[in-house]
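Open your viewer and keep the selection panel at hand. We will walk through this model one selection at a time.

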Amino acid sequence: MTTLLAAAGQVHGPSVEYGSLLPILILAGGAIVTIFVSLIGGRAAQRLLTPITAIVTLVSAGVVFAVRIGEPDISILGGALALDDVSAIFDLLFVSAALCASVLVWRSDTLREAGAGEFFSLLITTVLGMAILVSATNLVTFFLGFELFSIPLYVLCAADLRRNTSLEAGLKYLLIGSLGSAVLLYGLSMIYGATGHTDYASIARAVSLPALRDDPLLLAGVALTLAGLAFKASVAPFHQWTPDVYQGAPTPVAAFMAVATKFAVIAVLLRVGMQALGPAREHWEVMVAMLATVTIFVGNIGALRQESLKRMLAYSGVAQVGYVLAGIVAGTWLGVYAIGFYLFAYLAMNIGPFAVIATRERSGAGDGMRGMRNLGREAPWLAWPMTICMLALAGLPVTAGFVGKLLLMQAAIDGHYAWLAVMIALGSAISLGYYLRVVAAIWMPSAVRDEVFGDGTRSGTSALAGAAPEADAARHPELVALAVTAAAASVLFGFYPRPLLELARILAYAGGQLIF
Amino acid sequence: MNIAWYIGLSAVIFCIGASGLIARRSPLVMLLCLELMLNAANLSLIAFARMHGNADGQIFALVVMVVAACEVVVGLGLIVAMYRNRMPIDIDRISELRDPRD
């Protein structure tokens, strides 16, 4: 007891650097202001003022994050958070994903159902949690950030309070997500037990000692931590919840989760994996390589027979995480570079399809493959973005997805994991099977399609599948604009990848400093 | 007393929680099992803090308690919402979302 009291006496509150905390304070303040704005006003506030407050918050935080890129690294709050280019670039990604989700949700039923203030406040809190998570350089802040982004997402998944499938998605995500958190926490406690420290730098020093090389406690801790993170990033075999949750959750939330949560886990793997557990990398490198291979195949094969597009995108997201993990496995400058490029490209390629699905859902066509039929003839402004994004996700040349996959494969080969590069190529080949199915549904005349797919007997005409697509394209200009922008970005960065490569280079340099 | 006993006890509690989460069908009991798992981690954190003689683990455990409370609040809220929608409070019967069957 006396030792503990003595230890407690040595604990001092850290000094708080408010200036450096600015973006985090903006997000935290914005989350509170948003909910109050929605309370004071009437209908008008609900419809207009609240989204504007939320978007102003996100944009201003994004500007502060963007300004920070290239600034010298600082460590604040007694070494709890590190503000460097790695966190700045990932924060930018989270803010962009949240902005896309805000556009998607702006005039949807979800907002009326859940309340605008509550929805946007939770969305901003999620971004706040992710910002803390990627900056964390301490196991305590890491866990806190992890839960701060997870818990609001459970609520957001269930935001369509009166739709049973949304509640089901929320409950499933809560139970499995919390299971992941508990496993992660147990792993963190073992890492703490083995090393005696919670900050990454001290853990790295302890791990590099020969005494801890093959410590079973440390190894078990690393394995449990990886498993916990794998639950969140839907890495196979911890992915089973993903399709159910994406299908049930409101589409804007699914679109946000599909990109942002995955980015957050990748960022953590970069920081924890390379900084704290870098010296032990020969232990976890192979584990991650195996997970990546399983993930690529499970995702791509699972997506093949889906009728719901959101389910299909969930499985495709599983596969995409497998590709990105190859960059982590390589663990080199090139690996981080490839991850940086791929994540930005992935944001564009993935938001486009979700915007098209959201448009179709609002007209009552649902998220099924059936809603895509004859889209090419009736609503080219939706059909083209969808086609381009599908081809980009499949990694066809002159799209950003192609450049990204090329870089990832190059990184895997460079990091002596040539077989992983082969797996990526095989996975992409399988993925054509379901991405092209969507393209076929969009462009093929019904007669040809029925002949090819042989489903003429049970297929309805497009008139049965909700309202006419051209009408709802005109009714939801913001969704069409988002889809077109995303598709344009997917092609533009395939032709002219330099701006993204520049960002990726900054990330790779910052990431390289983490690798000891 | 040997530290191994605490770690052993925490591992047993963690396994009870994990097996309960897999075996039980009521979401309420599953939330209880999640609490068990988090508290198992707390116990091991505090035992390790004692072993290393620093307070990091204790602070970590305090943070975990707050987080666990938040998780339960959200979980209970969801269950109430499901009850209002007259959904079955049984994880095996909540299965509208699933892969298509051939």
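The tour goes from a whole chain to its domains, then to the core and to the contact between chains. Please keep in mind that this is a predicted model.

**Stop 1: chain A as a whole**

Start by selecting chain A, which has 23 helices and 2 strands. Its radius of gyration is 23 Å, close to the 24 Å that the globule rule gives for 516 residues, so chain A is as compact as a globular protein of that length. Rotate the C-alpha trace onto its principal axes, and the spans are about 80 × 60 × 40 Å. If you colour by burial, 63% of the 516 residues count as buried. Among contacts in chain A with a separation of 6 or more, 80% join residues 24 or more positions apart.

**Stop 2: the two domains**

Next, give the two assigned domains of chain A their own colours: domain 1 is 18-179 + 242-270, and domain 2 is 279-516. Their centres, taken over C-alpha atoms, are separated by 22 Å. Where they meet, 29 residues of domain 1 are in contact with 35 residues of domain 2.

Now select α4 (85-105), α11 (241-248) and α12 (251-276) of chain A: these elements each give two or more residues to the side of domain 1 that touches domain 2. Of the elements here, α12(A) gives the most, with 11 residues. Colour this side of domain 1 by residue type and you get 20 nonpolar, 6 polar and 3 charged residues.

**Stop 3: the largest nonpolar core**

Which residues have the most contacts inside the largest nonpolar core? Select F94(A), L104(A), V127(A), A326(A), V329(A) and A412(A), and you have them; the core itself has 229 residues. Then add helix α15 (residues 333-362) of chain A, which gives the most to this core, with 20 residues. Domain 1 and domain 2 of chain A both give residues to the core, so it lies between them.

Zoom in on L104(A). Leaving aside residues up to four places away in sequence, L104(A) touches T251(A), P252(A), A255(A), F354(A), A355(A), A358(A), L479(A) and L482(A).

**Stop 4: where chain B meets chain A**

Finally, bring chain B into view: the contact takes 38 residues from chain B and 42 from chain A. On the chain B side, select α1 (3-23), α2 (27-52) and α3 (56-84), each of which supplies at least two residues. The largest share of that side, 14 residues, comes from α3(B). By type, the chain B side divides into 26 nonpolar, 7 polar and 5 charged residues.

How values were computed. Residues numbered from 1 in each chain as written. Chains lettered and ligands numbered in written order. Predicted model: local features only at pLDDT ≥ 70, side-chain atom pairs only at ≥ 80, totals over all residues. Core = buried A, V, L, I, M, F, W, Y, C linked by C-beta atoms within 7 Å. Buried ≥ 20, exposed ≤ 12 C-beta atoms within 10 Å, placed from the backbone. Helix = DSSP H or I, 4+ residues; strand = E, 2+ residues; numbered from the N terminus. Domains from an automatic or database assignment. Contact = placed C-beta atoms within 7 Å. Nonpolar A, V, L, I, M, F, W, Y, C, P; charged D, E, K, R; others polar. Rg over C-alpha atoms; globule rule 2.2 N^0.38 Å.
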